[in-house]
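Here is a short report on one protein chain. It covers salt bridges, ring contacts, domains and surface features.

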Amino acid sequence: MTARKFPALDAFRLAAAVLVVTIHTSPLGGFAPLADLWLTRVLARVAVPFFLMVSGYFLARGGWRLGAFCRRTALVYLAAAALYLPLNLYAGMGPARWLRALVWDGTFYHLWYFPALLWGVPAARALARLGPRAGLAVAGALYLFGLGGDSWFGLADRLGPLHAAYAAVFRLVEYTRNGLFYAPLFLLLGAAAVGKETRIPPRAAAAGLALGLAAMTAEAFWLHALGAPRHDSMYLFLPLCMVCLFALLLRANGGRLRAARDASLLLYLLHPGCIVAVRGLARAAGLWDLLVANSLGHFAAVLALSALAAAALLRLRPLRRDPHARAWRELDAAALRHNAQVLRQAAGPGCALMAVVKADAYGHGARQVCRILQRAGVRDYAVACLAEGVALRRAGVRGRILVLGWTDPAQAPLLARWRLTQAVAGLEHGRALAAQGVPLQVQLALDTGMHRLGVPAGDRAALAELYALPGLRVTGVFSHLCVSDSLAPADAAYTRRQAESFAAAVAWLRQNGYDPGRVHLLASYGIWNWPGYAFDCVRAGIALYGVRSTAAPTRRTLDLRPVLAVRARVALVRTLAPGESAGYGLAFTAARPTRLAVLAIGYADGIPRCLAENGGHVLLHGVACPLAGRPCMDQLLADVTAVPDAAAGDVVTLIGRDGAAALPAEQVAAQCGTIANELLARLGARLPVLVLKNAENH
Ligand SMILES: *Cc1c(COP(=O)(O)O)cnc(C)c1O
């Protein structure tokens, strides 16, 4: 396990949230105005850039997938805007101003951060595409312009051309501290730290931070003395402070503080409301002097109330189901994206990738697989049956979904309702589908020699009739190869004849004015062995999951990575004396003192019974441990004598990597006398799916 964790980052979020509270309560204002100016207008100005850098850092680490991030941010923003709506109404804010504020400056004074983030993240993404240096340079230039509209305003605005520019900007927004002039630089500085976490030595970072803060202090006091600031969020030396602070925080590792993350967000969101509440409470309780007029008392009261409110909300949060149940399927999202990319490239330019996600995505969890692929830009999916297609639509899968197998024509309304494309299994099937009187999208399956589903490719009359059927719109034509996995000369010749007969049928359609739509022939072994027959798209099943059906050689090797691991927990470990037996039929007898682990997974989860009989094993702490005795429906036994410290709660791997060791699906399948496809497809729905976002486990 080499997962990087970020306790210092997470912990500093809390500190940053408290700094934001100081900005809005001026704790030292009543005692030491200069100290307060420094605390709230200088030091506390690191808080928001810090939040931006954290966002940039994790966005870049996750490959800049903006969709989910922006959706989540928008949701939090809308919820917060709704929370503060009563205060907006109380202050007499009209709908037009409210909407304008929603888009640009935030509907309440602290909420400016959210529009800044929602504009800034796409802007930073666009700049990142220019390359790391150019992107930072442009973001830096934008920051300088923003600086001139912020704490340097009194100086910058005197320059003629800038005056006009700032006037134009301030007609639209209140501050230059926004999604274009402020957020992109810090987002990109966060992103720039990815992979270079240890580049800046801690001493240099600490010195840089001290120096930066001193310079920023001098800058701020000088500007204030000049009366230059229009606002005071941005300083020339702020980026230097941030780079050093971030480098220091990235150094410290140890454990994740999820609660600190959520608590800091809540503190940030709730404290302005608490300021209002403290005033109300203080007035009602006659404690105005202590809780409002006294700046320190005010700060303490606001912080305490905000913390209480945040803690109460955190407790209300539903407990998340632990995906590390007794046993689970683990998806490596990065491997899946990588495979999709490799297969697209292998298919060649202009050829799309159709992800075959039948049988719960070969046991990987179709919903999760489709969610990942959808973000990777895959638009074509294939399932085996109507129910699988409907389940995907219900789970929010967009794009085209082709039902490869037979569907009862009476179900035509469901096909139409869920916008599923049905494969026509034969002439009769096509006629019956058309007879339902429901407009349907279909693809024609052509039989080119497999003799499974499909209209005989040479039966031109049947093809013509299918095209003429009312209500059926043909959007594609495909066929399936049956010996594409074999390179034996006779099989290769058969595959060639299939491909030629398919190509001839497609050519005939075109010549006779029938639009074949999307033309496709190849499944995984076709991609490996027959890339010349790629047509408009390829249907990848087993290859997409980074697995081969068998050990048979292929013409091409593609850099595909296994996506799935199956893991289970050790329920308990017991010691058997020599001669003692265990399990159903007492099938296992200890030949020597034996440590026997009971694993919380069984054949009902899809682990074949025959695996134990054929010398199958599991990995525990990276060590191969043989299965022992007869598998049960919900439990397996394993001889873990080789792992002296094996204990209840440990994780065993049945398929996948564990440290340096691996149990490939191909090997397990071979031990069970089957192909990997069958082993995977039978993995039970009782195993929850856990998606590893960045392959944290390897
Ligand atoms: C299952 C299936 C595929 C996918 O096959 P793989 O060998 O797993 O890539 C492609 N086409 C059809 C018609 C299928 O039934």
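## Salt bridges

A salt bridge here is a side-chain nitrogen of Lys or Arg within 4 Å of a carboxyl oxygen of Asp or Glu. By this rule the count comes to 16 salt bridges. The model is a predicted one.

Take Arg431 and Glu428. They form a salt bridge, and their closest N and O atoms are 2.7 Å apart. Both residues belong to helix 21 (residues 427-435). They are three residues apart, which means about one helical turn separates them. Arg431 has a relative accessible area of 33%, so this residue is partly exposed. Glu428 reaches 56% and is therefore exposed.

## A bridge between distant loops

Asp605 and Arg686 meet through their side chains in another salt bridge, at 2.9 Å from N to O. This pair links distant parts of the chain, 81 residues apart. Asp605 lies in the loop between strand 14 (594-599) and helix 25 (610-613). Arg686 lies in the loop between helix 27 (676-681) and strand 20 (689-692).

How buried or exposed is Asp605? Its relative accessible area is 0%, so Asp605 is buried. Arg686 has 39% and is partly exposed. The two residues also belong to a network of salt bridges that links Arg326, Asp605, Asp634 and Arg686.

Asp559 and Arg561 give a further case. Their side chains form a salt bridge with an N to O distance of 3.9 Å. The cut-off is 4 Å, so a pair within that distance is counted. Asp559 is partly exposed at 44% relative accessibility. Arg561 is partly exposed too, with a relative accessible area of 38%.

## Aromatic pairs

Ring pairs are counted when their centres lie within 6.5 Å. The count comes to 29 aromatic pairs. One of them joins Tyr77 and Phe114. Their centres are 5.7 Å apart, with 10 degrees between the planes, and the pair is stacked. Which elements does this pair link? Tyr77 is in helix 4 (residues 66-90), and Phe114 is in helix 6 (residues 113-128). The two residues are 37 residues apart, and the pair links distant parts of the chain. Tyr77 is buried, at 4% relative accessibility. Phe114 is buried as well, with a relative accessible area of 3%.

Tyr467 and Tyr514 pair in another way. Their ring centres are 4.8 Å apart and their planes meet at 40 degrees, so the pair is tilted. Tyr467 sits in helix 22 (residues 460-468). Tyr514 sits in the loop between helix 23 (489-511) and strand 9 (518-520). The pair therefore ties together parts that are 47 residues apart in sequence. Tyr467 has a relative accessible area of 18% and is buried. Tyr514 has 23% and is partly exposed. The cut-off for buried is under 20%, so the two tyrosines fall on opposite sides of it.

## Charges over rings

Two arginines lie over aromatic faces. Arg177 is over the face of Tyr175, at 4.7 Å from the ring centre. Arg548 is over the face of Trp528, at 4.9 Å from the ring centre.

## Domains

The domain assignment gives domain 1 (1-41 + 257-318), domain 2 (47-251), domain 3 (337-545) and domain 4 (564-663). Domain 1 is thus written as two segments. How far apart are the C-alpha centres of domain 2 and domain 3? They lie 49 Å apart.

## Surface and a long-range contact

Leu144, Leu236, Phe237 and Leu240 form a nonpolar patch on the surface. Together they have about 330 Å² of accessible area. Leu240 is found in helix 12 (residues 238-251). At 39% relative accessibility, Leu240 counts as partly exposed. Patch residues need over 30% relative accessible area, so Leu240 passes that cut-off.

Gly350 lies in the loop between helix 16 (333-347) and strand 2 (352-356). Is Gly350 buried or exposed? Its relative accessibility is 79%, so Gly350 counts as exposed. The C-alpha atoms of Gly350 and Cys537 are separated by 8.1 Å. Along the chain, these two residues are 187 residues apart.

Technical notes: Residues are numbered from 1 along each chain as its sequence is written. This is a predicted model: local features need pLDDT of at least 70, side-chain atom pairs count only at pLDDT 80 or more; totals for chains, interfaces and linings use all residues. Side-chain values use heavy atoms; hydrogens and water are left out. Patches are made of residues with over 30% relative accessible area and no salt bridge: like charges are joined within 9 Å, nonpolar side chains (Val, Leu, Ile, Met, Phe, Trp, Tyr) within 5 Å. Accessible areas come from the Shrake-Rupley method with a 1.4 Å probe; for residues, only the protein chains shown count as cover. Helices (H or I, at least four residues) and strands (E, at least two) are DSSP runs, numbered from the N terminus. Buried means under 20% relative accessible area, exposed over 50%, partly exposed in between (1.4 Å probe, protein chains only). Domain bounds come from an automatic or database domain assignment. Rings of Phe, Tyr and Trp (its six-membered ring) pair if their centres lie within 6.5 Å; planes under 30 degrees apart count as stacked, over 60 as edge-to-face and the rest as tilted. A charge sits over a ring if NZ of Lys or CZ of Arg is within 6 Å of the ring centre and within 35 degrees of the ring normal.
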